[in-house]
Amino acid sequence: MTQNLTHTTCTVATEHGSRYLQQLCKHWAHKFEVEFDPTRGRIAMPEDRVITLTAGPQALTIALTAPAESAAATQRVIDAHIERFAFREELSFDWQG
């Protein structure tokens, strides 16, 4: 049975995108299939959910591919984790797609 996958993206304004990308990937490396370097990361989660992160000098871009019924919940989990890592700054998450 093929799931109905949705693709959403979020660009978070921050000068610390590389730090947050690496923290998230390291945090989930014990649970999920993870690949990353300072500028790009990929996290493969169960249920065909894939998170791709790209860090630039002024922003962290997050792309999510997930079943439509779990996309919003997965976005909230990603947001909450990055907010915890970024406790010194206020971040804005505006998912599109």
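Visitor: I would like to start with a single residue: is D48 buried, partly exposed or exposed?

Guide: In this model, which is a predicted one, D48 has a relative accessible area of 45% and is therefore partly exposed, since that class lies between the limit of under 20% for buried and that of over 50% for exposed. The residue sits in the loop between β3 and β4, and its phi is positive, at about 60°, although D48 is not a glycine.

Visitor: Where is E47 placed, and what is the sign of its phi?

Guide: E47 also has its place in the loop between β3 and β4, and, although it is not a glycine, its phi is positive at about 65°. There is a link from here to a helix, for S70, which is found in helix α2, touches E47 and R49 when residues up to four places away in sequence are not counted. S70 itself has a relative accessible area of 13% and is buried.

Visitor: Stepping back from single residues, how many helices and strands does the protein have, and in what order do the elements run from the N terminus?

Guide: The secondary structure comes to two helices and five strands, and from the N terminus on the elements run β-α-β-β-β-β-α. The radius of gyration is 13 Å, close to the 13 Å that the globule rule gives for 97 residues, so the protein is as compact as a globular protein of that length. Along its principal axes, the C-alpha trace spans about 40 × 25 × 20 Å.

Visitor: How should I read the sheet, and in which order do its strands lie?

Guide: The general idea is that strands of a sheet pair through backbone hydrogen bonds, either parallel or antiparallel. Here five strands form an open sheet in the order β1-β5-β4-β3-β2, and the pairing is antiparallel. The strands at the edges are β1 (5-13) and β2, each of which pairs on one side only, and from one strand to the next the twist averages 10°.

Visitor: Taking the pairing strand by strand, over how many bridges do β2 and β3 pair, and how many residues lie between them?

Guide: Strand β2, residues 33-36, and strand β3, residues 40-45, pair over four bridges in the antiparallel sense, and with three residues between them they form a hairpin. As an example of one such bridge, E35 has R42 in β3 as its partner.

Visitor: And how many bridges join β3 to β4?

Guide: Six bridges join β3 to strand β4, residues 49-55, and the two run antiparallel; one pair to look for is R40 with its bridge partner T54 in β4.

Visitor: Which strands does helix α1 lie across, and which does α2 touch?

Guide: Helix α1, residues 17-28, lies across β2, β3, β4 and β5 (59-67), and runs at about 150° to β4. Helix α2 packs on the sheet as well, touching β1, β3, β4 and β5, and its direction makes about 150° with that of β5.

Visitor: If I follow one residue of α2, Q75, which residues is it in contact with beyond its neighbours within four places in sequence?

Guide: Q75, which lies in helix α2 (residues 68-85), is in contact with T8, L64 and W95 once those neighbours are left aside. Its relative accessible area is 12%, and Q75 is thus buried.

Visitor: How is a pair of aromatic rings described, and how many such pairs does the structure hold?

Guide: A pair of aromatic rings is described by the distance of the centres and the angle of the planes. The structure holds one aromatic pair: the rings of W28 and F32 have their centres 5.8 Å apart and their planes at 80°, so the pair is edge-to-face. W28 is buried, with a relative accessible area of 4%, and F32 is buried too, with a value of 16%.

Visitor: For the protein as a whole, what share of the residues counts as buried, and what share of the contacts with a separation of 6 or more joins residues 24 or more positions apart?

Guide: Of the 97 residues, 39% count as buried, while residues 24 or more positions apart account for 52% of the contacts that have a separation of 6 or more. The protein exposes about 5800 Å², of which carbon and sulfur atoms supply 50%.

Terms used
Residues numbered from 1 in each chain as written. Predicted model: local features only at pLDDT ≥ 70, side-chain atom pairs only at ≥ 80, totals over all residues. Heavy atoms only, no water. Phe/Tyr/Trp six-rings, centres within 6.5 Å; stacked < 30°, edge-to-face > 60°. Buried < 20%, exposed > 50% of the residue type's maximum accessible area, 1.4 Å probe, protein only. Contact = heavy atoms within 4.5 Å. Pairing = 2+ DSSP bridges. Rg over C-alpha atoms; globule rule 2.2 N^0.38 Å. Areas by Shrake-Rupley, 256 points an atom, 1.4 Å probe, with all protein chains shown as cover. Axes fitted to C-alpha atoms, helices over the stretch in contact; angles between N-to-C directions.
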